[in-house]
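Q: Could you take a close look at one pair of packed helices for me, and then at the core around them?

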Amino acid sequence: PDKKVKSLTKVEQAKFVSFLENYTGQHNRNNYSNQLMIELLTGMRMGEINALTPECIDFEKGIIHVKSTVARGENYREFIKNGTKTDAGVRDVPMTEAIKPILRSALNNRVDNSLNLLFYDIQKDGIISTNQVNCFFKRVCEKCGIEKRGQHALRHTFATRCVEANIDIKTLSEILGHSGSSIKKVVGSYRHTYNIRYLC
């Protein structure tokens, strides 16, 4: 069934970011704060984020090379798939100044692993699934008093902020790795919102 995923409001986004910036994590537990911030600030899919390697982060050119994603194989086991969800998903995502310290933090906190991943589950010695990050996202939302929507809402939030900043739809589609350029403007009862599910 078609699910409508709502983006975070600016107030909710501020609460969410503030919580992650002050979150220290628990000893011997995975911390997914950087992944969530990357999704919020780039619009990348979580599977793409969890498949990143250090070589994908190009500070010199100011881009993130997106070329793989986490997929599920037999018995629901995760693996790194060459290529992404869509053909247009293989792309270079531009870095903003806001994302650079997040990426540096991720590189500094990276643990060596056999798959050379930027993010790795040190507890189970394996790939981090989208579901793992989603569970953490829901706990953060609960702490912040934000309606639980699933971490894909961060991708929608990124797209919404881009539309509000008058970024043209073709450019936004390319950043999001979507082949279509359809977007609907919806007038809400309290404010203008944007239905961006065709992009995300």
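A: Happy to: helices H6 and H7 are roughly antiparallel to each other (an angle over 145 degrees), because their axes cross at roughly 155° and come within 11 Å. Those axes are lines fitted to C-alpha atoms over the stretch in contact, with angles running from 0 to 180 degrees between N-to-C directions. H6 covers residues 152-164 and H7 residues 169-176, helices being DSSP runs (H or I) of at least four residues, and strands (E) of at least two, numbered from the N terminus.

This is a predicted model, where local features need pLDDT of at least 70 and side-chain atom pairs pLDDT 80 or more, while totals for chains, interfaces and linings use all residues. Residues are numbered from 1 along each chain as its sequence is written, and side-chain values use heavy atoms, without hydrogens or water.

Back at the pair, H6 brings Arg 155, Phe 158, Ala 159, Cys 162 and Val 163 to the contact (heavy atoms within 4.5 Å), and H7 brings Ile 169, Leu 172, Ile 175 and Leu 176.

Now for the core. The largest nonpolar core, a set of buried Ala, Val, Leu, Ile, Met, Phe, Trp, Tyr and Cys residues joined through side-chain atoms within 4.5 Å, has 42 residues; buried means under 20% relative accessible area (1.4 Å probe, protein chains only). H6 and H7 each supply at least two residues of this core, as does helix H2 (33-42). In H2, nine of its 10 residues are buried, including Leu 36. Leu 36 is also among the residues that touch the most other core members, and its contacts include Phe 16, Phe 137 and Leu 154.

Conventions: Parallel < 35°, antiparallel > 145°, perpendicular 65-115°, else oblique. Buried < 20%, exposed > 50% of the residue type's maximum accessible area, 1.4 Å probe, protein only. Lists of a residue's contacts leave out its neighbours within four places in sequence.
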